[in-house]
Amino acid sequence: GVQTCALPIYGLQMGHISLIKAQQALEELQFGVDRSRGEIAESLFSIYCWMIDELVVANVHKDVTRVRRVIPMLEELLDAWRTISAQPVEAVRTKSA
């Protein structure tokens, strides 16, 4: 069955706001993907789409399980972005060309 948040009303409201913000952030990331760049870009776009969908459903149904599915993927993406951002710009351009 669907797990629900066992939080007081104020906790549900804060959870709702946080999920909306997360969805908006993912939509911005998704918007920035140039899908013409190939398979990796398409995959990234699809991952963002899936995460947004999961968070929408989680928010509507107060389903913590769906949020827990998204968090590890977001953490992996954050690690990847940190790795990329630590590289010199020339190295990143060379790899993506």
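## Exercises on a predicted helical model

**Exercise 1.** Which residues make up the largest nonpolar core of this predicted model, and which helix gives the largest share of this core?

*Solution.* Begin with the membership: the largest nonpolar core has 12 residues in all, namely Leu-19, Leu-26, Val-33, Ala-41, Leu-44, Phe-45, Tyr-48, Met-51, Ile-52, Leu-55, Val-70 and Leu-77. Next, assign the core to helices: at least two of its residues come from each of α1 (9-31), α2 (39-61) and α3 (64-85). Finally, compare the shares, and α2 turns out to supply the largest, with seven residues.

**Exercise 2.** Decide whether Asn-59 is buried or exposed, and find which residues Asn-59 touches beyond those up to four places away in sequence.

*Solution.* First, locate Asn-59, which lies in helix α2. Its relative accessible area is 6%, and because buried means under 20%, Asn-59 counts as buried. Then list what Asn-59 touches with that sequence limit applied: His-16, Leu-19, Ile-20 and Gln-23. With His-16 there is also a polar contact, side chain to side chain, at 3.1 Å. Looking from Leu-19, a core residue, and leaving aside neighbours within four places in sequence, the contacts are Leu-55, Ala-58, Asn-59 and Val-67.

**Exercise 3.** Describe how α2 and α3 pack, giving the angle and how far apart their axes are, and state what kinds of residues form their contact.

*Solution.* Start with the geometry: the two helices pack at an angle of about 145°, and their axes are 9 Å apart. The crossing of α2 past α3 is left-handed. Turning to the residues, α2 contributes Trp-50 and Glu-54, among others, while the α3 side includes Arg-66, Met-73 and Trp-81. Sorted by kind, the residues of this contact are 14 nonpolar, three charged and no polar.

How values were computed: Residues are numbered from 1 along each chain as its sequence is written. This is a predicted model: local features need pLDDT of at least 70, side-chain atom pairs count only at pLDDT 80 or more; totals for chains, interfaces and linings use all residues. Side-chain values use heavy atoms; hydrogens and water are left out. A nonpolar core is a set of buried Ala, Val, Leu, Ile, Met, Phe, Trp, Tyr and Cys residues joined through side-chain atoms within 4.5 Å. Buried means under 20% relative accessible area, exposed over 50%, partly exposed in between (1.4 Å probe, protein chains only). Helices (H or I, at least four residues) and strands (E, at least two) are DSSP runs, numbered from the N terminus. Contact means heavy atoms within 4.5 Å. A polar contact is a pair of N or O atoms within 3.5 Å; within protein, one must be able to donate a hydrogen and the other to accept it, and residues adjacent in sequence count only if both atoms are side-chain atoms. Axes are lines fitted to C-alpha atoms, for helices over the stretch in contact, and angles run from 0 to 180 degrees between N-to-C directions. A crossing is left-handed if the near helix is turned anticlockwise from the far one by less than a right angle, and right-handed if clockwise. Ala, Val, Leu, Ile, Met, Phe, Trp, Tyr, Cys and Pro count as nonpolar, Asp, Glu, Lys and Arg as charged, and the others, Gly among them, as polar.
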